[in-house]
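Let's take a friendly walk through this assembly, one region at a time. Keep the viewer open beside you as you read.

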Amino acid sequence: MDIDRIDQIIEKHEGAASSLIQVLLDIQSENHWLPKAALKQVSEKLQVPLLQVQHVATFYKTFSLVPKGRHEVNICMGTACHVRGAGRVLDKVEELTGIKPGETDLDLKFSLETVNCVGCCALGPVMDINGKTHGKISPTKTEKLLKSYE
Amino acid sequence: MSEILIQIDGKEVKAREGMTVLEAAKGAGIFIPTLCHHEQLEPFGGCRICIVETESGGKTMLAASCVYPVEENMVVNTRSEKIDRIRKSLLELLMAHAPDSPQLNELAEEYGADRDRYEKETSFCIHCGLCVRYCAEVEKKDAIGFVDRGVRKEISFVPEIASRECNACKRCFPLCPTSYLQAAFVLTESFSFPSESSEHK
Amino acid sequence: MPSIKSPDELEAFRKNVLSNRDPSKPSITLCSGTACHATGSKEVAAAFEQELEQQGMKTDINFRKTGCHGFCEKGPIVIIDPEEICYLQVTPKDVPDIIGQTIKEKKVLDHLLYTDAITGEKTALESEIPFYKHQQRNVFGPNRRIDPRSIEDYIAIGGFQALPKALLEMAPDEIIAEVKAANLRGRGGGGFPAGQKWEFARNAPGEQKYVVVNCDEGDPGAYMDRSLMEGNPFVVLEGLLIGAYAIGASEGYFYVRQEYPLARKNLDIAIGQVEELGLLGKNILGSGFDFNVHVHRGAGAFVCGEETALLMSLEGRAGEPKSRPPYPAIKGLWGKPTNINNVETWANVPLIINEGAGALTSIGTENSKGTKIFSLVGKINNTGLVEVPMGITLEDIIYKIGGGIPGGKKFKAVQTGGPSGGCIPENMLDLKVGFDELSKAGSMMGSGGMIVMDEDTCMVDIARYFIDFLTDESCGKCVPCREGLRQMHKILTRITEGNGKEGDIERLQEIAETAREASLCALGKTSANPFLSTFHYFKDEYEAHIKEKRCPALSCKELISFYIDPDKCAACMICIKKCPVDAIDGAKKKIHIIDQAECTNCGTCFDVCPSKFDAVVKFSGVPVPPPISEEARMISKKSK
């Protein structure tokens, strides 16, 4: 990611040290991950120790320190979805993609994450792919769905 | 700072407003065990070994004495069946990580903790935070810190800073109760320190 | 929009807005909350806009997209006014008929009406539908009537009446007294009296004070705050303004979890409109009170719902809770007095100011006043958000409003309070809902998540699930929580896999005491509740898992075996084709048999066997029956 773009984002938040999380969120949202160079730039410009930037970047689940795949698959593991069988959907997705939550496949095609409740409990189990919510997912429907992504 | 009178283990203790229960106890020569506490560092409140029973304003509860502020007429007990039971449990949980730590073993003997109560864990860091806090507060180098959270939390050196500063310093090493710090340093040095010819970007 | 500088100007603006609205004009309301979005409300909206355009009816009909109505199981929801006809599960295909028949010819479309699952009776009027009828939607109700992106809608229904009253007719102490008298207890989980918290902050020394809206809503299965924030950010803003004035805070922060983009968007738009109208900024309504707000996003950490962790996060740090005392009311954000309350708590404030403390005290139990919004989810027919008076029984919520358990299954337990809460069994369904009542039963109110479970839910697995959640979310600072969860997770996982050991329960109980007594924050203190409450009421399930390696609910993967009942199998071949490990043997007229050695317990055969056969059954704790003979496997025309 462009250093200039990072500086722009930092300026938007008036360079305040307390805006660290907001700055990183903007970078994550545009770039889909936080490269080390970005962390260093943010540390310098916000005058926050690299240590703190590192802690924040690893503490919060939204941030990724490794590149993500083209398609981000999020499976809701909230209680309502769990009770309706989300665990088996997860097993199926792991089987089909070959990766576990937190991982990205070698082709950089899919990234898999589990999330704790997207608030669509009436549609459980719920799977979110690239921001699109798919409800009433079953292991069989999952196969068809994932195959439709290039 | 106004004077506050409290009672610890039946003894009347004079304390000052703003003091913690641990400070007041130390001043009166009363011993409370600690693992994550250090004279030169801000109180951390992480290990919870220093918990004591406090009764104040009609409320009885357990509090971590290293961070709990003294209150007028507070009554404190540093030992009881409950406190001993909990300290034993905390030690057993920690000894799943570092059964050979001298500090843990000394306390284990006092509280009857069983080093094998829980299945052994692979990491022998007990997260006392002494290394992290010492580097930040005393040396002010920020060469080592925590990463991640919960059961995945770990200490981690910042290779760029550690490679510059640590070999000449290492003043945090003696603080580590389990020598995990030393082991982590050796690993970081071998795998992550930037080589002389190229800086890692 | 004009810039309002006095209560009189505000009233003039309100009159103006109302004069431009014709209450008898027909209107179409479409629920456009996140859940309805996921079931296609966007496409329905487009269809309405197109059809109204084509029919030249755009100016004759009010078409309004609102926030969540709460009946999420049956979305997208459309309501036709003034008749109040409620249509459920509307698709774009239904739109021409809705316009052509219902709007133009006043004919009701039966197939879109609510139908009782048992009697088949249809209900047309929204307020008559059992799901809505038994609710008391004092706080959530306005969602149904306003477009969240229209401050004029909010003003038209009477919004921003409490604000001028508070700022210009009441002193800060009077406001606090009223909120105290109403006994408004925190709706986010703590249940602490809000008025008292406000008083602590007001009396704390210091000039600079802050107020914070906690919209981190991390309990999985709970989405009340999300829907309030999406559907009516104005009521939260109004409550916040009043509270800030009462406390003496000049700055406010909204902490919105990152997973709620629509809530954030609607909040940003609302703030912009409120600012434009002059109700945020300097000298609001000529009262001399200045107030500004900032929106801060969370970044995926459940622990940031805890007050002090939230403050750390606002300061740009890792969300590790702090020891108390000092409490945030004395030393909070950047060391200044800070009052944090939950979204729903703030949303109750305008009601209290408008109607007095009686608006809450006239409802509820002795110590739990007013209403509470719950998210009723899980194994329940009518999933959604429900607002009920405190004191209503769990039975009424689950059966009268929730419509009971789907699939004819038997109710087993209802879990309340999120990961810090507990499970309540069938014999306690007459429990009256309230803070203290739920705590006495071994659970808690929490933020309002209510997850219904049936006979197929394994309670040991539920404990493991919540502990698993907490190991991921604990900040890791203190030993009882971090290490306690680590070991509880290991032990519970082993038990669900059939590897329970002697002493496991004792170890879990020891950890539970240590966590409860010695943890730094509420997450740690309540971390053992999932185990404690399920063990208290469902001890037999734990014993079955540990002593007999049996899962009574037939749920724990490692403890069940799948078996094809030869009396029911029709040899249709579906399961053979779908089995991912080719563990099923059989042919078109040969009864299928699962090879137990190859089977991985994935459950696919169980899912795909057609319901008219229902031939796949589960066994646990006992071996499956031996396979029948080869001859018996052959299906002949005579035998079937």
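In this predicted model, chain B holds an open sheet of 5 strands, arranged in the order β2-β1-β5-β3-β4 with mixed pairing. The edges belong to β2 (11-16) and β4 (59-64) of chain B; each has a single partner strand, so one side of each is left without a neighbour in the sheet. Going from one strand to the next, the twist averages 30 degrees.

You can follow one of these pairings in detail. Strand β3 (residues 51-56) of chain B runs antiparallel to β4(B), and 6 bridges join the two. To find the pairing on screen, start from B:Ser56, whose bridge partner in β4(B) is B:Lys59. When you look at side chains here, a general point helps: in a regular strand they alternate between the two faces of the sheet.

β3 and β4 of chain B also turn up in the surroundings of a helix in chain C, as they are among the elements that cover the buried residues of α20(C). Chain B contributes α2 (81-95) to that cover as well, while chain C itself supplies α19 (479-496), α21 (522-525) and α22 (529-537). Which residues of α20(C) are buried? They are C:Leu508, C:Glu510, C:Ile511, C:Thr514, C:Ala515 and C:Ala518. These residues cover an arc of only 160 degrees around the axis, which puts them on the same side of α20(C). The general background is that an α-helix has 3.6 residues a turn, so residues three or four places apart point the same way.

The length of α20 (residues 504-518) of chain C can be checked too: at 1.5 Å a residue its 15 residues should span 21 Å, and the end C-alpha atoms are 21 Å apart, which agrees. Helix α18(C) also has 15 residues, and from its first C-alpha to its last it reaches 21 Å, close to the 21 Å expected. As for burial, 14 of the 15 residues of α18(C) are buried, so this helix is largely enclosed by the rest of the structure.

Chain C has a strand with a similar story to tell. In β1 (residues 27-31) of chain C, 4 of the 5 residues are buried, so the strand is largely enclosed by the rest of the structure. Its two pairings are set out here.

| Partner of β1(C) | Bridges | Direction | Residues standing opposite |
|---|---|---|---|
| β3(C), residues 78-81 | 4 bridges | antiparallel | C:Leu30 and C:Val78 |
| β2(C), residues 62-66 | 5 bridges | parallel | C:Ser27 and C:Asn62 |

Now turn to where chain C meets chain A. The contact takes 45 residues from chain C and 37 residues from chain A. On the side of chain C that touches chain A, the elements giving two or more residues include α2 (34-38), β9 (292-297), α13 (307-314), β11 (371-378) and α18 (459-473) of chain C. The residues of that side divide into 18 nonpolar, 19 polar and 8 charged.

Finally, chain A itself. Its secondary structure comes to 7 helices and 4 strands, which follow one another from the N terminus as α-α-α-α-β-α-α-β-β-β-α. Along the principal axes, the C-alpha atoms of chain A fill a box of roughly 50 × 30 × 25 Å. Of the 150 residues in chain A, 47% are buried. Among the contacts in chain A with a separation of 6 or more, 61% come from residues 24 or more positions apart.

Note on methods. Residues are numbered from 1 along each chain as its sequence is written. Chains are lettered from A and ligands numbered from 1 in the order in which they are written. This is a predicted model: local features need pLDDT of at least 70, side-chain atom pairs count only at pLDDT 80 or more; totals for chains, interfaces and linings use all residues. Two strands pair if DSSP finds at least two bridges between them. Axes are lines fitted to C-alpha atoms, for helices over the stretch in contact, and angles run from 0 to 180 degrees between N-to-C directions. Two residues are in contact if their C-beta atoms, placed from the backbone, lie within 7 Å. Ala, Val, Leu, Ile, Met, Phe, Trp, Tyr, Cys and Pro count as nonpolar, Asp, Glu, Lys and Arg as charged, and the others, Gly among them, as polar. The expected span of a helix is 1.5 Å times one less than its number of residues. A residue is buried if 20 or more other C-beta atoms lie within 10 Å of its own, exposed if 12 or fewer, and partly exposed in between; C-beta atoms are placed from the backbone. The arc is that of the directions from the helix axis to the C-beta atoms.
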